[in-house]
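Good morning, and thank you for the time. I would like to walk through one structure, with attention to its rings and its helices.

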Amino acid sequence: MDYKIRLATKEDAKNLAILKQKVWDQTYRGIYSDDIIDKFDYKKAKENFINIINNNQISLYVVETSNELVGYMDVGIPIRTFSDYEQEIGLLYLRKDFQQKGIGRELFNLGYNEIKKNGYIRFFISCNKYNTNARKFYEKMGGQLIAEDEDNEDKRSVQVKYHYDIK
């Protein structure tokens with residue numbers, strides 16, 4: 001499979017928003033309400049991606065194949081603070097048809113190495129508590145479960161957090 005991983009640009013923001021909705025549909029249908037997925041706010045998502053791209057303390061990477069974005073990941077300061085952690089790998093998403101091909105591992109390692117290069121000794125990853133595939137992946141990558149939100153009606157907000165040491 002031919003793909004490349006590169007830093008996102010502002011020109012990617014619209015396609016990132018479209019990709020986010022596709023990934024949400026594939027990953028969270030049945031977890032999030034159909035209404036939330038079906039009424040996805042592309043404009044807000046595009047603005048959020050532009051804000052991340054403009055933040056010099058966060059690197060947003062995209063996975064591209066045949067001029068199409070199929071995944072993304074950010075690394076750097078936490079988008080949502082957690083405890084006293086200074087670094088996180090966040091938003092690690094791949095379309096389902098690109099999972100199980102080593103791309104997620106490559107993105108994770110890219111984030112890990114960037115955090116290490118910047119002199120940090122640990123980081124965390126958050127994911128939805130009900131996203132069992134992501135949880136298995138993060139555990140396979142060596143994550144130690146350190147926090148788990150209590151269940152509530154809005155399953156979007158129920159998160160788990162994994163800790164990683166830099167070696």
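I begin with a contact between a charge and a ring: Arg122 lies over the face of Tyr85, at 3.9 Å from the ring centre. Please keep in mind throughout that this is a predicted model. A second arrangement of this kind involves Lys155, whose charged end sits over the ring of Tyr130, 4.9 Å from the centre of that ring.

I turn now to pairs of aromatic rings. In general, such a pair is described by two quantities, the distance of the centres and the angle of the planes. How many aromatic pairs does the count come to? The count comes to 18 aromatic pairs. Take Trp24 and Phe40: their ring centres are 5.4 Å apart and their planes stand at 80°, so this pair is edge-to-face. The pair links distant parts of the chain, since Trp24 belongs to helix 1, residues 13–28, while Phe40 sits in the loop between helix 2 (34–38) and helix 3 (42–54), 16 residues apart. Are these two residues buried or exposed? Trp24 has a relative accessibility of 14% and therefore counts as buried; Phe40, at 11%, counts as buried as well.

The rings of Tyr28 and Tyr32 offer another geometry. Their centres are 4.3 Å apart and their planes are at 5°, so the pair is stacked. Tyr28 is buried, with a relative accessible area of 2%, and Tyr32 is buried with a value of 8%. These four residues belong to one aromatic cluster, formed by Trp24, Tyr28, Tyr32, Phe40, Tyr42, Phe49, Tyr72 and Tyr93.

Let me now place helix 1 in its surroundings. Helix 1 has 16 residues, and from its first C-alpha to its last it reaches 21 Å, close to the 22 Å expected at 1.5 Å a residue. Its buried residues are Ala13, Leu16, Ala17, Leu19, Lys20, Gln21, Val23, Trp24, Thr27 and Tyr28. What covers them? The cover includes helix 2, helix 3, strand 2 (58–65), strand 3, strand 4 and strand 5 (122–128). After helix 1 comes Gly30, with a positive phi near 100°.

Two of those covering strands deserve a closer look. Strand 3, residues 68–76, pairs with strand 4 in the antiparallel sense over 5 bridges. Within strand 4, Leu94 is the bridge partner of Gly71. Strand 4, residues 88–94, is mostly covered, with 6 of its 7 residues buried.

Finally, helix 4. Its 15 residues, 103–117, should span 21 Å at 1.5 Å a residue, and the end C-alpha atoms are indeed 21 Å apart, so expectation and model agree. The buried residues of this helix are Ile103, Gly104, Leu107, Phe108, Gly111, Tyr112, Glu114 and Ile115. Helix 4 is followed by Gly119, whose phi is positive, near 90°.

I single out Glu114 from that list. Its relative accessibility is 13%, under the 20% limit, so Glu114 counts as buried. Which residues does Glu114 contact, leaving aside its neighbours within four places in sequence? They are Ser59, Tyr61 and Val75. By contrast, the C-alpha atoms of Glu114 and Tyr28 are separated by 29 Å, the two residues being 86 residues apart along the chain.

That concludes my presentation, and I welcome your questions.

Conventions:
Residues are numbered from 1 along each chain as its sequence is written. This is a predicted model: local features need pLDDT of at least 70, side-chain atom pairs count only at pLDDT 80 or more; totals for chains, interfaces and linings use all residues. Side-chain values use heavy atoms; hydrogens and water are left out. Buried means under 20% relative accessible area, exposed over 50%, partly exposed in between (1.4 Å probe, protein chains only). Helices (H or I, at least four residues) and strands (E, at least two) are DSSP runs, numbered from the N terminus. Two strands pair if DSSP finds at least two bridges between them. The expected span of a helix is 1.5 Å times one less than its number of residues. Contact means heavy atoms within 4.5 Å. Rings of Phe, Tyr and Trp (its six-membered ring) pair if their centres lie within 6.5 Å; planes under 30 degrees apart count as stacked, over 60 as edge-to-face and the rest as tilted. A charge sits over a ring if NZ of Lys or CZ of Arg is within 6 Å of the ring centre and within 35 degrees of the ring normal.
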